[in-house]
Amino acid sequence: MPLAEDRLPTNKNTMEGLSATTTTTDSDSIKGQSKSDCDNVVTSETKLAEPAAAANDFLEKVTDVDGLEDTNYKSKIVWRNVILFSYLHMAAIAGVFMVITGRVMWQTLVFAWFLHILGGLGITAGAHRCYSHKSYKAKLPLKLLLTFMQTISFQNSMWEWVRDHRVHHKYSETNADPHNARRGFFFAHIGWLLVRKHDLVKVKGAKIDLSDIESDPVLMFQKKYQLPLGILLSFVVPAYLPAKLWGESVLTGLLVAGFLRYAFTLNTTWLVNSAAHMWGGKPYDKTINPAENRSVAFWALGEGWHNYHHVFPWDYKTAELGEYRYNLTTAFVDFFAKIGWAYDLKTVPKKIVEQRVKRTGDGSWAHDDHHDHHHHAPGKAPWGWGDQDIPDEDAKITHTLFPTKDE
Ligand code: ST9
Ligand code: ZN
Ligand code: ZN
């Protein structure tokens, strides 16, 4: 197992860069910050629009004031989303009613479950472990498969998912975290999709390096067409395919394999942001909220081991142990590594994990009373492999399984 050497320098963006673009509108200047070239160096070559004094004031306010922990924040409700998500959940309940009253063909149920697993793995193995955290690399066929699967899940484009998720790790439990769990279960679960984002999510998110995503033509294609493709794969196909192949009614297909399956995948995903940020042991770092939650791990295909994951986000197992029963995603990645489609799987050796457990764990892993209170300050937490904020000693000793350099 060779030691990892290919950590790319990232996160070179600074607050200076942010204020250098204040001659455009606030959202334009924010967007300009996420552009970086192939060497991961921020270009700052933002196309400047008309100077706007209001935009200057806006940026000065949000960059000068810390505000990360400020709790006096009033959300602005996005009623369109409230209506759409209410409708979705009502349709899902109608789907449950049809299932329990025996109105659904067994083939449709199997198909709905299959779509859930397919879309779910598109999130866990694709959006999460491969693209957000760069914890392993995928060859082109696997990239295509993962992107296809993530499109089925209809959880925004891969690009948007990755941006929100990287900023979630870097500024976890602050106002710059899109689903800041300090704002309660409901906000972390679904509420964050029903209101405008906090300004700090946008300001800090603009500093996150996305050059790897933006230089990937598959992902840029998906970003462009994710809405029509998502509607097609998540609703049109689930409505019509069961009707065509085994004579199910189109409405039943839509309600069960479409809406119910979609709501189910969404809610199991959201549990990681809500439940796994609130309940469970903290054997690796007791100073952070993300916790080890076995039930969430089961339902979220291996993504409930969230205390470990926030401490070592570049580990492709998102857990210390990859027991497949509670980590279907690890089985999926291991399978593709065996056939050569996945490679450079990063994993943290036991020795490092043990050291961390001793330093900051809550004692639920192994008893030791030499804890200190060291943890990553907001903005200093690494989002995954390739981030400068991974401590050097951890990066050096990280193992790479199935290493290949010839993508
Ligand atoms: C969904 C995603 O559900 C779920 C992700 C969950 C993550 C879970 C992670 C846990 C770990 C993995 C576990 C997986 C388990 C899976 C298990 C499966 C079995 N940085 O967006 P707008 C800018 S999706 C920088 O409108 P608003 C943006 O670029 C569900 N900038 O924000 C734009 O600038 P410009 C389906 C950012 O107005 C401007 O801000 N999708 C950032 O505040 C405005 O952007 C939906 O329902 C950032 N992070 O509105 C769609 N963010 O104007 C929901 C934004 O220059 N989204 N910007 O282009 C929306 O409707 C809106 O985004 C909103 C916020 C209302 C939520
Ligand atoms: Zn993560
Ligand atoms: Zn988290």
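At what angle do α5 and helix α7 (residues 158-170) pack, and how far apart are their axes? Select both helices to begin: they pack at an angle of about 60°, with their axes 10 Å apart, where axes are lines fitted to C-alpha atoms, for helices over the stretch in contact, and angles run from 0 to 180 degrees between N-to-C directions.

**Before going further**

What is on the screen is a predicted model, in which local features need pLDDT of at least 70 and side-chain atom pairs count only at pLDDT 80 or more, while totals for chains, interfaces and linings use all residues. Residues are numbered from 1 along each chain as its sequence is written, and chains are lettered from A and ligands numbered from 1 in the order in which they are written.

With the whole protein chain in view, there are 17 helices and four strands; helices (H or I, at least four residues) and strands (E, at least two) are DSSP runs, numbered from the N terminus. The chain has 407 residues, of which 48% count as buried; a residue is buried if 20 or more other C-beta atoms lie within 10 Å of its own, exposed if 12 or fewer, and partly exposed in between, with C-beta atoms placed from the backbone. Among the contacts with a separation of 6 or more, 73% join residues 24 or more positions apart, a contact being two residues whose C-beta atoms, placed from the backbone, lie within 7 Å.

**Stop 1: α5 against α7**

Return to the opening pair, which are oblique to each other, because angles under 35 degrees count as roughly parallel, over 145 as roughly antiparallel, 65 to 115 as roughly perpendicular and the rest as oblique. Their crossing is right-handed; a crossing is left-handed if the near helix is turned anticlockwise from the far one by less than a right angle, and right-handed if clockwise. Select A127, H128, Y131 and S132 in α5, and then M158, W161, V162, H165 and R166 in α7, to see the residues that meet. By class, this contact has five nonpolar, three polar and one charged residues, where Ala, Val, Leu, Ile, Met, Phe, Trp, Tyr, Cys and Pro count as nonpolar, Asp, Glu, Lys and Arg as charged, and the others, Gly among them, as polar.

**Stop 2: α7 and the loop before it**

Now keep α7 alone: twelve of its 13 residues are buried, including W159, R163, D164 and K170. To see what the buried residues pack against, add α5, α6, α9 (199-205), α10 (211-214), α11 (217-246) and α14 (306-311).

The loop between α6 and α7 holds N156 and also S157. Phi of N156 is near 65°, a positive value in a residue other than glycine, and N156 counts as partly exposed because it has 18 C-beta neighbours inside 10 Å. S157, by contrast, is buried, with 24 other C-beta atoms within 10 Å. Leaving aside neighbours within four places in sequence, S157 is in contact with Q222, K223 and Q226, and its C-alpha atom is separated by 9.1 Å from that of A127, 30 residues apart along the chain.

**Stop 3: α5 against α12 and α11**

Select helix α5 (residues 106-132) with helix α12 (residues 250-273), whose axes come within 9 Å and cross at roughly 35°. This crossing is right-handed, and the residues in contact include F111, L115, G119 and I123 of α5 and V256, L260, F264 and T268 of α12. The contact has eight nonpolar, nine polar and one charged residues.

Replace α12 with α11, which packs with α5 at an angle of about 140°, the axes being 11 Å apart. Here Q107, T108, F111 and L115 of α5 meet P238, P242 and W246 of α11, a contact of five nonpolar, two polar and no charged residues.

**Stop 4: T318 and α15**

Move to T318, in the loop between α14 and α15, where phi is near 45°, a positive value in a residue other than glycine. T318 counts as buried, with 28 C-beta neighbours inside 10 Å.

Finish on helix α15 (residues 328-338), in which L328, T329, T330, F332, V333, F336 and A337 are buried. What covers them includes α5, α6 (140-153), β2 (342-343), β3 (345-347) and β4 (399-401). Just after α15, select G340, which takes a positive phi of about 90°.
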